[in-house]
Amino acid sequence: MATEPKEIQDQLSRLPVRHLATLRAALLGLDTENIAALLGIPVESVPTTLQVASAKLTTVLAEGSGTESVPPC
């Protein structure tokens with residue numbers, strides 16, 4: 001059974017805004033320097049931020065459409 005777009009949006013809305021922005025920036029093809037500038041973080045922090053954001057996304061998608069948000073780190 002396919003997941004409905006509304007359900008996916010509901011799941012994505014559970015991610016912290018910073019992590020969702022990180023994932024979207026990476027998917028758009030922004031490089032590390034541009035992602036760092038977008039988020040206002042050091043360039044060295046981008047890989048870890050992407051890993052944390054990916055882990056949170058995996059958790060949200062695995063849990064389905066709950067109403068609680070995933071806490072920021």
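Okay, one definition before anything else: when I say accessible area, I mean the Shrake-Rupley kind, with a 1.4 Å probe. On that basis, the accessible surface of this protein chain is about 4900 Å², and carbon and sulfur atoms account for 59% of it. And keep in mind that what you're looking at is a predicted model.

So, the overall layout. We've got four helices and zero strands, so going from the N terminus you just read α-α-α-α. The chain has 73 residues, and 29% of them are buried. Now take the contacts between residues at least 6 apart in sequence: 56% of those join residues at least 24 apart.

Let me spend some time on H4, residues 46-63. That's 18 residues, and from first C-alpha to last the helix reaches 26 Å, close to the 26 Å you'd expect at 1.5 Å a residue. Which residues of H4 are buried? They're Val46, Thr49, Ala53, Lys56 and Val60. Yes, there's a lysine in that list: Lys56 is buried too, and buried here means under 20% relative accessible area. Look down the axis of H4 and the buried residues sit within an arc of 90 degrees, so they line one face of the helix. The general background is that an α-helix has 3.6 residues a turn, so residues three or four places apart point the same way.

What does that buried set pack against? Helix H1 (5-12), helix H2 (17-27) and helix H3 (32-39). On the face turned away from the buried side, H4 carries Gln51, Thr58 and Ala62, which are exposed. And right after H4 you get Gly64, with a positive phi near 85 degrees.

Next, hop over to helix H3 and find Ala36. Is Ala36 buried or exposed? Its relative accessibility is 3%, so Ala36 counts as buried. If you skip its neighbours within four places in sequence, Ala36 is in contact with Ile41, Pro42, Val43 and Val46. Val46 should ring a bell, since it's one of the buried residues in H4. Also, the C-alpha of Ala36 is 9.8 Å from that of Pro47, with the two residues 11 apart along the chain.

Now the surface. There's a nonpolar patch made by Leu28, Leu30 and Leu38, and together they have about 310 Å² of accessible area. Leu30 is in the loop between H2 and H3, and at 33% relative accessibility it counts as partly exposed.

Last topic, charges. How many salt bridges does the structure hold? Two. One is Asp10 with Lys6, where the closest N and O atoms are 2.9 Å apart. Those two are four residues apart in helix H1, so about one helical turn separates them. Asp10 is partly exposed at 31% relative accessible area, while Lys6 is exposed at 58%.

The other bridge is Arg14 with Glu63, closest N and O at 2.8 Å. Arg14 is in the loop between H1 and H2 and Glu63 is in helix H4, so this pair ties together parts that are 49 residues apart in sequence. And Arg14 is buried, with a relative accessible area of 6%.

So, if you've got the viewer open, start with the buried face of H4, then go to Arg14 and Glu63. That's it from me, happy to chat.

Methods. Residues numbered from 1 in each chain as written. Predicted model: local features only at pLDDT ≥ 70, side-chain atom pairs only at ≥ 80, totals over all residues. Heavy atoms only, no water. Expected span 1.5 Å × (residues − 1). Buried < 20%, exposed > 50% of the residue type's maximum accessible area, 1.4 Å probe, protein only. Arc of directions from axis to C-beta. Contact = heavy atoms within 4.5 Å. Patch = residues over 30% accessible without salt bridge, like charges linked within 9 Å, V, L, I, M, F, W, Y side chains within 5 Å. Salt bridge = Lys/Arg side-chain N within 4 Å of Asp/Glu carboxyl O.
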